[in-house]
Amino acid sequence: MAKHNTVFIDYTAKPNEVEVKGSAAINDAKGLYFINPKGEEKDKPTQVWTQGETEATSVWCPTIDKPNQKTTDEIYMTVPAKYVTLSNGKLMSQKKNTDGTRTDYWKMDLPHAPYLFFMGVGDYAIIKDSWKGKEVSYYVEKDYASVARKIFGLTPEMIDFYSKATGVDYPWAKYSQITGQDYVSGAMENTTATLHSDASQQDARELTDGNGWESVIAHELFHQWFGDYVTTESWSNITLNESFADYSETLWFEYKHGKDAGDEHIFQNRQSYLSSPGNAKKDLVRFYYSDKEDVFDQVSYPKGGAILHMLRNYVGDSAFFKALNLYLTPINSNRPEAQQLRLALKR
């Protein structure tokens, strides 16, 4: 009989002392960020948010920080009562404390990779939608509450479209999206709790010209399947996460706005890859690199997306989407490499 041990670790996270650099897009990799914590910057809200990818969750949470690890998690956050919190999975309970704080208990009961762990805290408005009885919510700064649905309101329809396209219903307990001031990148697909840059918060006047963040919302949502539900075995195989998320934008635009819109989107993405001739020397799957951040580039994103578009046109829609379904099954037991996608397409 297998023997199980329970280990308790008493620790203090010190993210501001971390000197590890992230990618070109992420200037540091300290994992846990406190934005205007003392309220000294008049026009900036006080917020807390985390950024785990690639291996920064271990800055604030003892864990084996690799994409081929998966675990459930439970997070308790004690915050001043005026703030709301967000994390992976479901909010199980809230307890008011005598010192003016509140303790929120979040539970993620399906395994996911440590880089997808998330905590968010701030003075947000929460706007709620739903999909098949599951909560779909948008955490925005209160000045943007009136336009939150104009920014994020297509999310339930996107969930429905991707569920049908993959043949796998949205697999998690809820889906929330939150904005973060001074965010170090564009957006991050934390399981059930995507974090967006505050650039996503467009006012009513800006939105009259359309939602400039729609492709990002689609991209991060598709990661809930490709990346979160089925997670690459290694950073070398990041194409399995990012190429699919890149191509999902084209799939969504084609579905929602017509074939011309989809064709225009994939063309623009392809041009962003072709604009840097040095990319031609890089393999889609790279087992050798100077730094793990190097694989998050125009090869893993738009080149991989263009290859998926080519494969779809080569084998036809029926075979292509059936292959995606095969690749996504079974859940949580596989940490795939690119060969497994090839085998799914061959079947």
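In the predicted model, strand β8 (residues 124-131) is paired with β9 in the antiparallel sense, and eight bridges are found between them. Within this pairing, the bridge partner of I126 in β9 is Y139, and I127 stands opposite Y138 of β9. The two strands form a hairpin in which two residues lie between β8 and β9. In the turn of this hairpin, K132 has a positive phi of about 50°.

The β8-β9 hairpin belongs to an open sheet of five strands, in the order β8-β9-β10-β12-β11 and with mixed pairing. The edges of this sheet are taken by β8 and β11 (187-188), each of which pairs on one side only. Two helices lie across the sheet. Helix α2 (residues 155-166) lies across β8, β9 and β10 (174-180) and runs at about 40° to β8. Helix α4 lies across β10, β11 and β12 (193-197), and the angle between α4 and β12 is about 150°. Strand β10 is thus among the strands crossed by α2 and also among those crossed by α4.

A further open sheet contains three strands in the order β3-β6-β5, with antiparallel pairing. Strands β3 (71-80) and β5 stand at the edges and have a single partner strand each, so one side of each is left without a neighbour in the sheet. From one strand to the next, the twist averages 15°. Nine bridges are found between β3 and β6, which pair in the antiparallel sense; in this pairing, H112 of β6 is the bridge partner of T71. On the other side of the order, strand β5 (residues 90-96) is joined to strand β6 (residues 101-112) by six bridges, again with the strands running antiparallel. K90 stands opposite K107 of β6. Strands β5 and β6 form a hairpin with four residues between them, and G100 in the turn has a positive phi of about 85°.

Helix packing was examined for two pairs. Two packed helices are described by the angle between their axes and the distance between the axes. For α4 and α5, the axes come within 8 Å and cross at roughly 125°; the two helices are therefore oblique to each other. The crossing of α4 and α5 is right-handed. On the α4 side, the contact is made by E214, S215, A218, H219 and F222. The α5 residues that they meet are E242, F244, A245, D246, S248, E249, W252, F253, K256 and H257. Helix α4 accordingly takes part in this helix contact and also lies across strands of the five-stranded sheet.

The second pair consists of helix α7 (residues 299-315) and helix α8 (residues 317-327), whose axes come within 6 Å and cross at roughly 125°. That crossing makes α7 oblique to α8. In α7, residues L308, L311, R312 and V315 meet D317, A319, F320 and F321 of α8.

Two loop positions were considered individually. T231 is located in the loop between α4 (214-222) and α5 (239-257), the two helices that cross at roughly 125°. T231 counts as buried because its relative accessibility is 0%. A polar atom of the T231 side chain lies 2.6 Å from the backbone oxygen of G227, and the side chain of T231 also reaches the backbone oxygen of D228, at 3.4 Å. With neighbours within four places in sequence left aside, the contacts of T231 are P67, K70, A113, Y115, N241, N334, R335 and P336. One of these contacts, N241, falls within the span of α5 (239-257).

The other position, V147, is found in the loop between β9 (134-141) and α1 (148-152). The relative accessibility of V147 is 5%, and V147 therefore counts as buried. Apart from neighbours within four places in sequence, V147 is in contact with Q202, A204 and L207. Relative to T250, which is 103 residues away along the chain, the C-alpha atom of V147 is separated by 25 Å from that of T250.

Key: Residues are numbered from 1 along each chain as its sequence is written. This is a predicted model: local features need pLDDT of at least 70, side-chain atom pairs count only at pLDDT 80 or more; totals for chains, interfaces and linings use all residues. Side-chain values use heavy atoms; hydrogens and water are left out. Buried means under 20% relative accessible area, exposed over 50%, partly exposed in between (1.4 Å probe, protein chains only). A polar contact is a pair of N or O atoms within 3.5 Å; within protein, one must be able to donate a hydrogen and the other to accept it, and residues adjacent in sequence count only if both atoms are side-chain atoms. Contact means heavy atoms within 4.5 Å. Two strands pair if DSSP finds at least two bridges between them. Axes are lines fitted to C-alpha atoms, for helices over the stretch in contact, and angles run from 0 to 180 degrees between N-to-C directions. Angles under 35 degrees count as roughly parallel, over 145 as roughly antiparallel, 65 to 115 as roughly perpendicular and the rest as oblique. A crossing is left-handed if the near helix is turned anticlockwise from the far one by less than a right angle, and right-handed if clockwise.
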